[in-house]
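This report walks through a few local features of one protein model. Please keep the sequence and the structure at hand while reading.

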Amino acid sequence: MELSSAGRLDPLLYPWDPPAASGVMDGNEFRPLEPSAGLEEALAQAGAAPLEARSLVVSIGSNASADVMRRKFANYHQPVSAVLPLVRGQLHNIAVGHSAHVSKAGYIAAAPYPLPGECTDVWLSWLDDVQLLALDETEPNYRRIQLDGDACPLLAEHGQRPEEFALFTSRWGVLTDGDGGKLPFLDQPALFGILAGSGTGDLLEGKSVFDGPPERVAEQLAIPAVQEWAREWFSSTGLAAPVDFDGS
């Protein structure tokens, strides 16, 4: 994972790297699951809470990165266990685009939305109570909702089909192409290019905030006033579509 000169994660590399294989994060280590061992055994070996004491959350975007989760747990105001299972999975009837807001770090994060027939590669994480509190605190622009495994089937790599699970959905909706179609998940430079062609902003003397070298765009987007403007611009120009999860 690359850091900026200020020691922050490079926003242009969002959502950063997930693990190479399913396994268990344990401090600064990540242990791939052995074929003959399950999650329960891996958690027991790490001296961590068992699966029955954890909440299942489908991780989309940077929450699938062990490095990101380590940083989130380390920044919480009370001690947080650094043991966290991360397992590959597939989620049905859900697609991933971009939240209609800009993060504090200057990137536009991923956000899920319902789409019948879609199958999305995701990561499953099982968090203990304190880990869940720590994660919630880092997601002020999202709501954590519960989804039904019958309506949105979820299959873990090791064969488990959970009956229910949690998912973070954007409070601001997801970005569209301006004609009602939701934008797919893209890397940041590609997304900036599409937004630059969607109209001009009023912050850079008539030039779009999203136009120019990606590094400069990300620097501009890290400014709070620009973030507020962008969120309002997405909404006022029809580039933000509300997301409705039945039962949420």
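Asparagine 93 counts as partly exposed, because its relative accessibility is 24% and the buried class ends under 20%. The model is a predicted one. Asparagine 93 is part of strand E4. Its phi is positive, about 70°, although the residue is not a glycine.

Tryptophan 16 is another residue other than glycine with a positive phi, here near 65°. It is found in the segment before strand E1. With a relative accessibility of 10%, tryptophan 16 counts as buried. Proline 15 also belongs to the segment before strand E1, which covers residues 23–26. The peptide bond that leads from tyrosine 14 into proline 15 is cis, and its omega is near 10°.

Serine 170 is located in strand E8, which spans residues 164–170. Is serine 170 buried or exposed? Its relative accessibility of 8% falls under the 20% limit, so serine 170 counts as buried. Leaving aside residues up to four places away in sequence, serine 170 touches Ser99, Ala100, Ala111, Asn141 and Tyr142. Its side chain also has polar contacts with backbone atoms, listed here.

| Side chain | Backbone atom | Distance |
|---|---|---|
| Serine 170 | Nitrogen of tryptophan 172 | 3.0 Å |
| Serine 170 | Oxygen of glycine 173 | 3.3 Å |

The last element to consider is helix H4. It runs over residues 188–196, and Gln188, Leu191, Phe192 and Leu195 are buried in it. Why do the buried residues of H4 line one face of the helix? Seen down the helix axis, they fall within an arc of 105°, so they line one face. An α-helix has 3.6 residues a turn, so residues three or four places apart point the same way.

What covers the buried residues of H4? The cover includes two strands, E4 (83–98) and E9 (174–175), together with helices H5 (214–221) and H6 (224–236). Strand E4 is thus met again here: asparagine 93 lies in it, and the strand is part of the cover over the buried residues of H4.

The start of H4 has a polar contact of its own. There, a side-chain oxygen of aspartate 187 comes to within 2.9 Å of the backbone nitrogen of alanine 190.

Terms used
Residues numbered from 1 in each chain as written. Predicted model: local features only at pLDDT ≥ 70, side-chain atom pairs only at ≥ 80, totals over all residues. Heavy atoms only, no water. Buried < 20%, exposed > 50% of the residue type's maximum accessible area, 1.4 Å probe, protein only. Helix = DSSP H or I, 4+ residues; strand = E, 2+ residues; numbered from the N terminus. Arc of directions from axis to C-beta. Contact = heavy atoms within 4.5 Å. Polar contact = N/O pair within 3.5 Å; in protein donor to acceptor, adjacent residues only side chain to side chain.
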